[in-house]
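Thank you for coming, everyone. Please bring up the model on your screens, and I will talk you through one helix and its surroundings.

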Amino acid sequence: MKWRGRRQSSNIEDRRGSSGGGRSGRISFPMNLGRRGRGGRRRVGRRSAVGGFGLVAVVVVALLFGVDPSMLLTGMQEPAGDAPFTRSASRDSGSDPLRDFVAVVLADTEDVWHVLFETQLKQRYQEPKLVLFSDGVRSACGSASSAVGPFYCPGDRKVYLDLDFFRSLRERFHAPGDFAQAYVIAHEVGHHVQTLLGISQRVREVQSSVSKVQSNALSVRLELQADCFAGVWANHAERTKAILEQGDIEEALGAASAIGDDTLQRQAGGRVVPDSFTHGSSEQRQRWFRLGLKNGRLEACDTFNANSL
Ligand SMILES: [Zn+2]
């Protein structure tokens, strides 16, 4: 990805070097829009979504880019220590190319989503913050250790990212490349867009009254939509700024594939259990990213009314 020398977002909150502990906060959401979810009855505690597989699953779930951090976080241990939140100023004055890269990608998402909101939705886009942390962090959705992987918290409208995750992506998940990383950020920003549009809230409401299997199915649609939004972003970023280099799209697809539920379950040494998917299979994740990328329009990302995913 061509990113050097371009605008960096000012919405980066650098909390590296400080760890967050603390309690969960209430989450409040904007309302409007909303799609019909599937009906059903029984509510099953969210925690049980993490439960079944035990520790392995926590680690696996951790690496999925949770859309609903409260689901993940309630299951997570509190990060050790109780250090106050300090916003570490640019930690050392040396260069920090990875941070700069993240700031450029975030700026790209801002530029693209501002235009898309205006032209396709006739709304104003509100930019999210992106919190860089190490080890542990406190969000309005609760405390999280780095093990949860990148996540978006609707309660404070912030994306949380431990840059070490990119190393895992490269080394553990064999998904190297800067555009794999850009895809991760764009996916999380996709959850922010879903929050602004009221989609996340609507899904959560429906999830509270359906079975676990149905709830998981809705999570999958939400996650695949975030993948599709990441593709829409890439489409417009390329069209307006020509950011792509040879191999970039393959890098993003590699990451989408590496973190598919089936691949992760297989890697964790278990059976592949589609009913327990919360993010979609590798193939689905690639497919929806590609769809957004090709089409460039938000309507292309209607995973909730798609017959097949
Ligand atoms: Zn996600």
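I would like to begin at a chain position just after helix α8, where A242 takes a positive phi of about 50°, and I should say at once that what we are looking at is a predicted model. The helix that comes before A242, α8, covers residues 212-241, and with its 30 residues it reaches 43 Å from the first C-alpha to the last, which is close to the 44 Å expected at 1.5 Å a residue. Buried here means under 20% relative accessible area, and because 22 of the 30 residues of α8 are buried, this helix is largely enclosed by the rest of the structure.

What, then, does α8 meet in α11? On the α8 side the contact includes V220, L224, C228 and N235, and on the α11 side it includes R285, W288, F289 and L293. Sorted by class, this contact has nine nonpolar, five polar and four charged residues. As for geometry, the axes of α8 and α11, the latter being residues 282-295, come within 6 Å and cross at roughly 35°, and the crossing is right-handed.

Let me turn to the interior. In soluble globular proteins, nonpolar side chains tend to be buried together. The largest nonpolar core in this model has 70 residues, of which W113, F179 and W233 touch the most other members, and α8 gives the largest share of this core, 11 residues. Apart from this core lies another, of 10 residues, among them V131, A144, V148 and Y160. Finally, if we leave aside neighbours within four places in sequence, the contacts of F179 include M1, W233, A234, I243 and F289.

Terms used. Residues numbered from 1 in each chain as written. Predicted model: local features only at pLDDT ≥ 70, side-chain atom pairs only at ≥ 80, totals over all residues. Heavy atoms only, no water. Helix = DSSP H or I, 4+ residues; strand = E, 2+ residues; numbered from the N terminus. Expected span 1.5 Å × (residues − 1). Buried < 20%, exposed > 50% of the residue type's maximum accessible area, 1.4 Å probe, protein only. Axes fitted to C-alpha atoms, helices over the stretch in contact; angles between N-to-C directions. Left-handed = near helix turned anticlockwise from the far one by under 90°. Contact = heavy atoms within 4.5 Å. Nonpolar A, V, L, I, M, F, W, Y, C, P; charged D, E, K, R; others polar. Core = buried A, V, L, I, M, F, W, Y, C linked by side-chain atoms within 4.5 Å.
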